[in-house]
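Here is a short tour for anyone who likes to read a fold strand by strand. Have the viewer open and follow along.

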Amino acid sequence: MYLAINPSDDLPIYRQIMRQIMDAIAGGRLHSGERLTSHRELSEQLVIAPLTVKKAYDELEALGYIESQRGRGTFVSARLPKVTQAVRTAQLKAAAQALLSQAYLAGLEFSDVLKVIKDADRELTDGPAQPQRKAQ
Amino acid sequence: MTTPASVIAFNDVARSYKKDRPVLDGVTFSMQPGEVVALLGRNASGKTTLINLAMGMLFPHRGTVRVFGMNPTAQPVAVKSRIGFVSEDQILPPGMRVEEVFAFHRYLFKSWDRTLEKQLLDRFELSNNTQKIKQLSKGQARQIALICAVCHRPELLILDEPAGGLDPAARREFLETSIQLLNRDGSAILFSSHHMGDVERLGGRAVLLDEGKVRIDSDLDALRENTCLAVILQYAATNLSDIRQLDGCIGARAVTNDWHAIFRGTPVGVHAQLQHAFNISAQCIRIPLEELFVELVGGKQTSGAL
């Protein structure tokens, strides 16, 4: 497992670790049941405080991505968390917030944003370049 | 039932060197066992004074200083035997040979760990070094000082700008060793540094000194995640004191043609707050620790623009 951290990133180091491990799981570079580098090893490898690694692992465990087994180490969960409706909504909300920030920074109103979304929807559903999806 | 005593406890501490020019003026903060605290602040903000007070090398003019529950000026030996100390202007006897320095420390500290001493000497490639302290490079002398500071297995390590004047490789080595010790013993560490990258790597809590007071005392990650910079165009009919009065504003200054303000909160929340307060669209972004530091304590001279 190769992780790269950057202290001058705008994410705190523990978030950088979380994101990279989640990306590695999503991208198939880390598989269910695979053993993660220990707290201590990772802390010395990345030259960061052991508590920072623990914080990242604890958060990932709380989210269900990894599980620690007493005395054996930390492993990628056998059953990775299914993305629930709530998580999907939360992710979408984050994207919406980014969209709204961008719009407000550009001086647009909420109604302008709605119009943009409607336009985008029309292009997405009626657009000629859009391949037809089969109904499930 | 026992609650673990604070490793360090400052209560309303004031200290000055010149009459009516306090360097510290009402500093209250404490550290728990195993905690890592980064002491931040500009030059002459009182970091070294605070450290010297904790080491019992200065007495406070007001307030109380306790280390392991003891008064460090009244019980210097009991306190210092449990502390390891490295500073940028550490003075090791220049005429002593490396081995003599260690013989002296072994004699002083009953709990001296010779295995650790040997491990660190090997790591720093200083084993069998017969040179005198004055013949060593700055980096090597600092490594000797670090070995002297940790081999009695202290519960508290105090590092005053430990990487000051070292090249990046020597600084990283110093950091690596500190982190290995943290892994091994879980000692509490109080360190001052101007290298924000090192501060982020050692993690823990940040205590920012400014104008003799504790300006910020926060978990480092929380500080990073709950603080943002708002760039407000100057023509937006407003001035610094109006910005400073807003909820959650912890600092504002003029930068060229803009106001820069630091707020507690998320970029989206702060943007909405400013929209509401001034009817302006301010750019709100999260910024790295180094930028945060500069925004909070930098550019005092521009406050004349009020």
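This report begins with chain B overall, moves to one of its strands and that strand's neighbours, and ends at the contact between the chains.

Please keep in mind that this is a predicted model. Chain B holds eleven helices and 13 strands. Its C-alpha trace spans about 70 × 45 × 40 Å along the principal axes. Of the 306 residues in chain B, 39% are buried. Looking at contacts in chain B with a separation of 6 or more, 68% are between residues 24 or more positions apart.

A good place to zoom in is β3(B), which covers residues 36-40. Five of its five residues are buried, so this strand is largely enclosed by the rest of the structure. The burial applies to both faces: B:Val36, B:Ala38 and B:Leu40 lie on one side, with B:Val37 and B:Leu39 on the other. For the reasoning here, "buried" means that 20 or more other C-beta atoms lie within 10 Å of the residue's own.

Which strands pair with β3(B)? One partner is β7(B), residues 188-192, in the parallel sense and over four bridges. Another is β8(B), residues 205-210, again parallel and with four bridges. B:Val37 takes part in both pairings: its bridge partner in β7(B) is B:Leu190, while in β8(B) it stands opposite B:Arg205.

From β8(B) the path continues to β9(B), residues 213-219, and here the two strands run antiparallel, joined by six bridges. Within this pair, B:Asp210 stands opposite B:Lys213. The two strands form a hairpin with two residues between them, and B:Glu211 in that turn has a positive phi of about 50°.

The pairings described above can be set side by side:

| Strand pair | Sense | Bridges |
|---|---|---|
| β3(B) and β7(B) | parallel | four bridges |
| β3(B) and β8(B) | parallel | four bridges |
| β8(B) and β9(B) | antiparallel | six bridges |

Now for the contact between the chains. How many residues does each chain bring to it? Chain A gives 21 residues and chain B gives 26 residues. On the chain A side, at least two residues come from each of α1 (13-26), α2 (39-46), α3 (50-62) and α4 (85-105). The most comes from α4(A), with four residues. By type, the chain A residues that touch chain B divide into eleven nonpolar, six polar and four charged.

Definitions and conventions:
Residues numbered from 1 in each chain as written. Chains lettered and ligands numbered in written order. Predicted model: local features only at pLDDT ≥ 70, side-chain atom pairs only at ≥ 80, totals over all residues. Buried ≥ 20, exposed ≤ 12 C-beta atoms within 10 Å, placed from the backbone. Pairing = 2+ DSSP bridges. Contact = placed C-beta atoms within 7 Å. Nonpolar A, V, L, I, M, F, W, Y, C, P; charged D, E, K, R; others polar.
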